[in-house]
Amino acid sequence: MYSKEVIKHFKNPKNMGFMKDPDGVGEIGNPQCGDILKLYIKVKNNKIKDIKFETLGCAVAIAVSSVITEMAKNKTIEQALELTEENIAEKLGGLPQFKMHCSNLAAQALKKAIKNYRKRDLSR
Amino acid sequence: MKKKEIYLDNAATTPVDSAVLKKMQPYFNKKYGNSSSIHKAGDSARKGLDEARQQISTFLNCLSEEIYFTGGATESNNWLIYGVVDKFWENGGKNKPHIIISSIEHKAIIEPAKYLEEKNLVEVTILPVNKQGIVELDEVKKAIKKNTILVSVMYANSEIGSIQPIKQIGELIKKTNQEIVFHTDAVQAINYLNCNVKYLNVDALSISGHKIYGPKGVGALYLKKGIPIAPLIRGGGQEHGLRSGTENIPGIVGLGEAINLVSKNNKDNNRIKTLRNKLITGIMKDIPNVQLNGTLEYRLPNNIHFSFLGIEGEGILIELSEQGIYVSTGSACASHSLKPSHVLSAIGLSDEESHSSVRFTLGRQTSNNDIDYVLNILIKAVNRLRKISGR
């Protein structure tokens, strides 16, 4: 059903778990299938220094969460904002068409976390 | 070493029993005749066909001429719906007829009914079910109208295993109007329940081969003599002119033998039920935040259906699959439509509860060791996924 990469990330997800005192948080729920994906980021000198996720979802939702944390880590905010659902799917060795919305979910959650960070940053 | 594999998806399909396979084999290349041929090669094929028809009619307690072979239960269900309505109009029906189905039917009943409704050829009433997933007699009574020509209620549900009061519904229908055709999709029931059509008060009943340790691509429809129906497939006039196409003799022979073995394996049902209860008890004892969906009382002896709250059924399925355990889920994530199962919605489960659901269906191959192994792996899988979800 799924690529080796998807299964690898599902079985051994990277950067999984809660983060204390994050600089930004982005949570996205998928109204279609009910998955909930939450990303926490810590930012230093405009770079994503640390990133963690908590996801209630299918194998692909967990795999995209894991892979986006790897892709976003140590990227500048601008680079991170450029990550798309296609980049994520490609990194996972492709996704079945009906699971593409999962990778979109991850991209959206990251954007939301960054937005949240920028808002907090302004109010400091 | 080959990885251990435990198949707990017997409601989806079953392996072909070796005795069934053995009986089918000669019909591929030794008794390969066309049963319509009048030479001896045709005779030997016809013998297989006749014997299978006999085996099935014995099991259902009906006449052998009341059994029609089809390409599977989806065809049986489609044919029954289309055929009865088609014949109604063919026979000079004036006012739009009314048909009744339940909200937890297989798509092979729901989709044809909806199609005819869209074409403005019938009026359809969809019966609700209670929280246990059971059609209540009062609802049937309320739904029957003057123009009702057909009622179709499945015998046992494939997802939550709920057993419907078919005998009582049949009685009610016959008391109200003898002309109404009462059909039951018995695909999941054959292995475990009394399928005597006279006991059940049904006029029509659908059967599938591959759910009863027989081959895929073959099924049957029992249709009481005298019930008016038009063919779905027209051609060479096989099956009394009602289902054309050269008969799938190996498949039909396999179906007959599979049904024959169901009666012989009756005693195994208690063993399966004991194993099922062991897994249910184990899950409830060892995993917090779970709910058993459906009823324990009116439930197929091989069916288990749980919601594991805070995680997602498809995730559990994939995790178990990686460990060689095969189950099923009603989660939207596992369906291309991204909609939760219509059955789970019908019994009032929230989207979240459907989302987190997993079905385990045991079978003849399931052993006591399997149950211990599955419970052990399941506990770990649920714990891990709950850690990931943070719930």
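**Exercise 1. Strand 6 of chain B and its neighbours**

Which residue of strand 7 of chain B stands opposite Thr184(B)? Place strand 6 of chain B among its partner strands in this predicted model, and decide whether strand 6 is enclosed or open to the outside.

Solution.

1. Start with the pair in question: Leu205(B) in strand 7 is the residue opposite Thr184(B). Strand 6 and strand 7 (residues 204–208) of chain B run parallel and are joined by 3 bridges.
2. Turn to strand 5 (residues 148–152) of chain B, which is also parallel to strand 6 and joined to it by 3 bridges. Here Ser152(B) stands opposite His183(B).
3. Follow the chain between these two strands. From strand 5 the path goes through helix 7 (residues 166–176) to strand 6 of chain B, a right-handed β-α-β crossover.
4. Sort the side chains of strand 6. Val181(B), His183(B) and Asp185(B) point one way, Phe182(B) and Thr184(B) point the other way, and all are buried.
5. Apply the cut-off: a residue is buried if 20 or more other C-beta atoms lie within 10 Å of its own. In strand 6 (residues 181–185) of chain B, 5 of the 5 residues are buried, so the strand is largely enclosed by the rest of the structure.

**Exercise 2. A sheet of 3 strands in chain B**

Determine the strand order of the open sheet that contains strand 10 of chain B, and state which strands stand at its edges.

Solution.

1. The order is 9-10-12 in chain B, and the pairing is antiparallel.
2. Strand 9 (290–292) and strand 12 (357–361) each have a single partner strand and stand at the edges, so one side of each has no neighbour in the sheet.
3. From one strand to the next, the twist averages 25°.
4. Check one of the pairings: strand 9 and strand 10 (residues 303–308) of chain B are antiparallel over 3 bridges. Within this pairing, Leu292(B) has Phe306(B) of strand 10 as its bridge partner.
5. Add the helix that covers these strands. Helix 10 (residues 268–286) of chain B lies across strand 9, strand 10 and strand 12, at about 10° to strand 10.

**Exercise 3. Helix 11 of chain B**

State how many residues of helix 11 of chain B are buried, and find the residue with positive phi that follows the helix.

Solution.

1. Of the 10 residues of helix 11 (residues 313–322) of chain B, 8 are buried, so the helix is largely enclosed by the rest of the structure.
2. Among the buried residues are two glutamates, Glu314(B) and Glu319(B), together with Ile316(B), Leu317(B), Ile318(B) and Leu320(B).
3. After helix 11 comes Gly324(B), with a positive phi near 85°.

**Exercise 4. Positive phi outside glycine**

Locate Asp21(A) and His240(B), and classify each as buried or exposed.

Solution.

1. The background is that most residues other than glycine have a negative phi.
2. Asp21(A) is not a glycine, yet its phi is positive, about 50°. Asp21(A) sits in the loop between helix 1 and strand 1 (24–29) of chain A.
3. A residue is exposed if 12 or fewer other C-beta atoms lie within 10 Å. Asp21(A) has 6 such neighbours, so Asp21(A) counts as exposed.
4. His240(B) has a positive phi near 55°, and its place is the loop between strand 8 (219–223) and helix 9 (249–264) of chain B. With 11 C-beta neighbours inside 10 Å, His240(B) also counts as exposed.

**Exercise 5. Strand 3 of chain A and the contact with chain B**

Describe the hairpin that contains strand 3 of chain A, then the side of chain A that touches chain B.

Solution.

1. Strand 2 (residues 36–44) and strand 3 of chain A are antiparallel and joined by 9 bridges. Ile41(A) has Ile51(A) as its bridge partner.
2. These strands form a hairpin with 2 residues between them, and Asn45(A) in the turn has a positive phi of about 50°.
3. In strand 3 of chain A, 7 of the 10 residues are buried, so the strand is largely enclosed by the rest of the structure.
4. Between the chains, 18 residues of chain A are in contact with 18 residues of chain B. Helix 1 (4–11), strand 3 (47–56) and helix 2 (59–72) of chain A each give two or more residues to this side of chain A, which divides into 11 nonpolar, 4 polar and 3 charged residues.
5. For confidence, the predictor gives the complex an ipTM of 0.93 and a pTM of 0.95.

Note on methods:
Residues are numbered from 1 along each chain as its sequence is written. Chains are lettered from A and ligands numbered from 1 in the order in which they are written. This is a predicted model: local features need pLDDT of at least 70, side-chain atom pairs count only at pLDDT 80 or more; totals for chains, interfaces and linings use all residues. Two residues are in contact if their C-beta atoms, placed from the backbone, lie within 7 Å. Helices (H or I, at least four residues) and strands (E, at least two) are DSSP runs, numbered from the N terminus. Ala, Val, Leu, Ile, Met, Phe, Trp, Tyr, Cys and Pro count as nonpolar, Asp, Glu, Lys and Arg as charged, and the others, Gly among them, as polar. Two strands pair if DSSP finds at least two bridges between them. A crossover is right-handed if, with the strands pointing away from the viewer, the path from the first strand over the helix to the second runs clockwise. Axes are lines fitted to C-alpha atoms, for helices over the stretch in contact, and angles run from 0 to 180 degrees between N-to-C directions.
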